[in-house]
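Colleague: Before I use this model for anything, I would like a close look at one part of it, namely the loops and the side-chain contacts made there. Please set that part against the chain as a whole, and keep the reasoning visible.

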Amino acid sequence: MFSTFDMTTAGLRAQRTRMDTIAGNVLNAETTRNSRGEAEPYRRRFAVLAPGSAENPKAAGVHVKEIAADQSAFTQRFEPNHPDANPDTGLVAYPNIDMATEQVNLLEASRAYEAAVSLMQTTKSMFNSSLRMIA
């Protein structure tokens with residue numbers, strides 16, 4: 001029964017990491033410079049989930065294997081007066097973030113988180129019922 005708590009805790013942790021990653025994408029949707037101040041747009045990130053734990057992949061549960069960068073092309077917008085615009089074309093490279101995709105992924109992660117909470121509550125209720133039967 002405690003392994004169920006461990007699995008749901010791992011699931012909660014994984015979904016929270018997914019939501020944190022999505023939040024970072026949404027917040028950087030207009031970021032055209034990197035942390036060094038160079039004209040390099042933010043690249044979308046996503047959590048890669050894997051079964052088991054990081055220490056034991058054959059264990060039950062889930063964990064975040066890595067936070068990967070989306071290698072798809074950046075969005076180009078014609079803004080000749082932008083400081084990061086290409087002087088020849090007037091195009092500015094913006095992050096490869098689609099807000100609709102981020103919204104759907106956030107909704108999915110939120111639902112998975114809620115399902116894990118529900119599973120944990122049900123397990124706790126079963127555990128309490130078992131204790132009452134024993135006592």
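Modeller: A helix here is a DSSP run of H or I with at least four residues, a strand is a run of E with at least two, and both are numbered from the N terminus. With that convention, the elements of the chain run α-β-β-β-β-α from the N terminus on, which amounts to two helices and four strands. The model is a predicted one, and every value below is computed from it.

The overall form comes before the loops. The radius of gyration of the chain is 21 Å, well over the 14 Å that the globule rule gives for 135 residues, so the chain is more spread out than a compact globule. The C-alpha trace spans about 80 × 25 × 20 Å along its principal axes. Helix α2, residues 99-134, has 36 residues that should span 52 Å at 1.5 Å a residue, and its end C-alpha atoms are indeed 52 Å apart. Buried residues make up 28% of the 135 residues in the chain, and those in α2 are Glu102, Asn105, Ala109, Ala116 and Thr123. Of the contacts with a separation of 6 or more, 55% are between residues 24 or more positions apart.

Now to the first loop, the one between α1 (2-27) and β1 (45-51), where asparagine 34 lies. Asparagine 34 has a relative accessible area of 18%, and because the cut-off for buried is under 20%, it counts as buried. Its side chain is joined to that of glutamate 38 by a polar contact of 2.9 Å. Glutamate 38, for its part, also meets the side chain of arginine 36 in a salt bridge, at 3.2 Å from N to O. Here the accessibilities are graded, since glutamate 38 is partly exposed with a relative accessible area of 39%, whereas arginine 36 counts as exposed at 60%.

The same loop, between α1 and β1, also holds glutamate 30, which forms a salt bridge with arginine 77, the closest N and O atoms being 3.3 Å apart. As arginine 77 belongs to strand β3 (residues 75-78), the pair ties together parts that are 47 residues apart in sequence. Arginine 77 meets glutamate 79 in a further salt bridge, at 4.0 Å from N to O, and Glu30, Arg77 and Glu79 are thus linked in a network. Each of its members counts as partly exposed: glutamate 30 at 49% relative accessibility, arginine 77 at 30% and glutamate 79 at 24%. In the structure there are eight salt bridges, and those just described are among them.

The other loop worth inspecting is the one between β4 (91-94) and α2, where asparagine 96 lies. Asparagine 96 is buried, with a relative accessible area of 8%. Its side chain reaches the backbone oxygen of aspartate 70 at 3.0 Å and makes a polar contact of 3.1 Å with the side chain of serine 72. Leaving aside residues up to four places away in sequence, asparagine 96 touches Tyr42, Arg43, Arg44, Asp70, Ser72, Ala73, Phe74 and Thr75, a list that includes both of its polar partners, Asp70 and Ser72.

Conventions. Residues are numbered from 1 along each chain as its sequence is written. This is a predicted model: local features need pLDDT of at least 70, side-chain atom pairs count only at pLDDT 80 or more; totals for chains, interfaces and linings use all residues. Side-chain values use heavy atoms; hydrogens and water are left out. Buried means under 20% relative accessible area, exposed over 50%, partly exposed in between (1.4 Å probe, protein chains only). A polar contact is a pair of N or O atoms within 3.5 Å; within protein, one must be able to donate a hydrogen and the other to accept it, and residues adjacent in sequence count only if both atoms are side-chain atoms. The expected span of a helix is 1.5 Å times one less than its number of residues. Contact means heavy atoms within 4.5 Å. The radius of gyration is taken over C-alpha atoms; the globule rule is 2.2 Å times the number of residues to the power 0.38.
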